[in-house]
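Got your viewer open? Let's take a walk through this model, one selection at a time.

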Amino acid sequence: MSTPPTGELAAPPLIRSRFFLAFWTGQSISQLGVQLGQLALPVLAVSLLGAGEMDLGVLNAASMAAFLIVGLPAGAWVDRWLKRATMIRADLVRMTAMSAVPLLWWTGALQMWHLYVVAAVVGVATVFFDVAYQSYIPLLVDRSQVADANGKLEATAQVARMGGPALGGFLLTLVSAPVLFAAEAGGYLASALCLGRVRDSEKRPERIAGSSLWAEIREGTIFVARHPLIRRVVACTAISNLFSSILWVLMPLIILRELALGPVGLGVMMSIGAVGGLLGALAGPRLGRLVGEGPLLPLGLLLAGAAVVLFPLALAAGPGPLALALLSVGEFAFSFGVVVYNIMQVSMRQRVCPPRLLGRMNASIRCVVWGVMPIGSLVGGVLGERLGIAPALWISIVGMILCVLPVAIGPFFGMRTLPDAAEVRED
């Protein structure tokens, strides 16, 4: 859909669109299941299977490797396919893979390599789902409502991140970690069922005679590389994700092993962080009007980088309430800054990209900014084993602070409003 010409009725509010509400409901339920599973995975690996730094590094790398391996062709394929159908299939694949974990555990056969395989399969399905998901929003709602839709979806995702880990931490005092994988599988099934209720006007794109998959991939990557704003955002996000991947390999070990805070402590930190993310999602549009949409990109990341300095302070504090408080405050501010940044940059990308290139644009970006994450995860495992937790943690933090440079030295501070497609000329 596109913004209606002058004289036509404006699109109805999203809250009155039953198809958007069905989509929104499915994603909210799915996100809650995802949060339960994300808490259960490191707890299961560390507590039940005795995973160390390198084990967690490989596990995280397996879950993210698909963005590097199949990210680019996935974008071209998604641009050829119906996006809602692609998301439904991806949800069903993820549901099946996640269901395997409790089954293997109940039979006494579960090993670390099973988790690697499940993580890799879910990662491939997630590539296709996420590329289709970000490309689908402009097809489901009016172009003028894209930022509002992203804000609503991000807000409920943060609610799930807020309640899911706390609920998961509580449940882990009652049941074993593999049981939570069943909840994540249920979330994916709910998402697929809700997507099945959505109706849209999308038609299968017509193939251009003589076009090849790699020519289509090249067109998407060239658009990203030549766009003066998008390429800065890609560089910034890739650096941030590379170093944050090191951090998130170390965090379960810090909380569960070094600080002995247990699954409940991990759940509390993640939930408080999600409160910050929720507030960031709600405050993002208002902050954009107050300080300008462009400046929010570097300012959000500067806040996030400053916040993670509290993590090594928590490690130095040792086991106890002070460490949990420092971790929680740091995660709160980190999530707030990252969500504000993400809402602004994703909405800008969706507005400035021609609809026919949305899948390839998102896939090209995801290939880079998520493709570095398995590399960061493996590096995090190696650094944690060879240098120790604290030095590896500081390396991660320095990189996360420096990642702001591509957007801090660009034109964003002078942009009160981030541009639409007609306002930006490719170099």
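Is E219 buried, partly exposed or exposed? Keep in mind that you're looking at a predicted model. Select E219 and you'll find a residue that counts as partly exposed, because its relative accessibility is 30%, and buried would mean under 20%.

Now add R360 to your selection. The side chains of R360 and E219 meet in a salt bridge, 3.0 Å from N to O. This pair ties together distant parts of the chain: R360 sits in helix α14 and E219 in helix α8, 141 residues apart. Unlike its partner, R360 is buried, with a relative accessible area of 8%.

**More salt bridges**

The total count of salt bridges is five, so let's visit another two.

Jump to helix α4 and pick D91 and R94. These two are three residues apart, about one turn of the helix, and their side chains form a salt bridge at 2.8 Å, N to O. D91 is buried at 0% relative accessible area, and R94 is buried as well, at 6%.

Next, go to helix α6, residues 146-171, and select K152 and D148. They lie four residues apart, which means about one helical turn separates them. Their closest N and O atoms are 2.8 Å apart, in a salt bridge. Here K152 counts as partly exposed, at 23% relative accessibility, and D148 counts as partly exposed too, at 36%.

**Back to α4**

While you're in the mood for lysines, select K83, which has its place in helix α4. At 5% relative accessibility, K83 counts as buried. What does K83 touch? Leaving out residues up to four places away in sequence, look for V78, A132, S135, Y136, L139 and E202.

**A covered helix**

Select residues 71-80 to light up helix α3, where eight of the 10 residues are buried. Among the buried ones are G71, P73, A74 and V78. What covers them? Show α2 (53-69), α4 (83-106), α5 (112-140), α8 (213-226) and α14 (358-369), which are included in the cover.

**Last stop: two helices side by side**

Finally, show α14 together with helix α9, residues 230-258. Their axes are 8 Å apart and they pack at an angle of about 35°. To see the contact, select I230, V234, T237, A238 and N241 of α9, plus I365, V368 and V369 of α14. Colour them by type and you'll get six nonpolar residues, two polar and no charged.

Key. Residues are numbered from 1 along each chain as its sequence is written. This is a predicted model: local features need pLDDT of at least 70, side-chain atom pairs count only at pLDDT 80 or more; totals for chains, interfaces and linings use all residues. Side-chain values use heavy atoms; hydrogens and water are left out. Buried means under 20% relative accessible area, exposed over 50%, partly exposed in between (1.4 Å probe, protein chains only). Contact means heavy atoms within 4.5 Å. Axes are lines fitted to C-alpha atoms, for helices over the stretch in contact, and angles run from 0 to 180 degrees between N-to-C directions. Ala, Val, Leu, Ile, Met, Phe, Trp, Tyr, Cys and Pro count as nonpolar, Asp, Glu, Lys and Arg as charged, and the others, Gly among them, as polar. A salt bridge is a side-chain nitrogen of Lys or Arg within 4 Å of a carboxyl oxygen of Asp or Glu.
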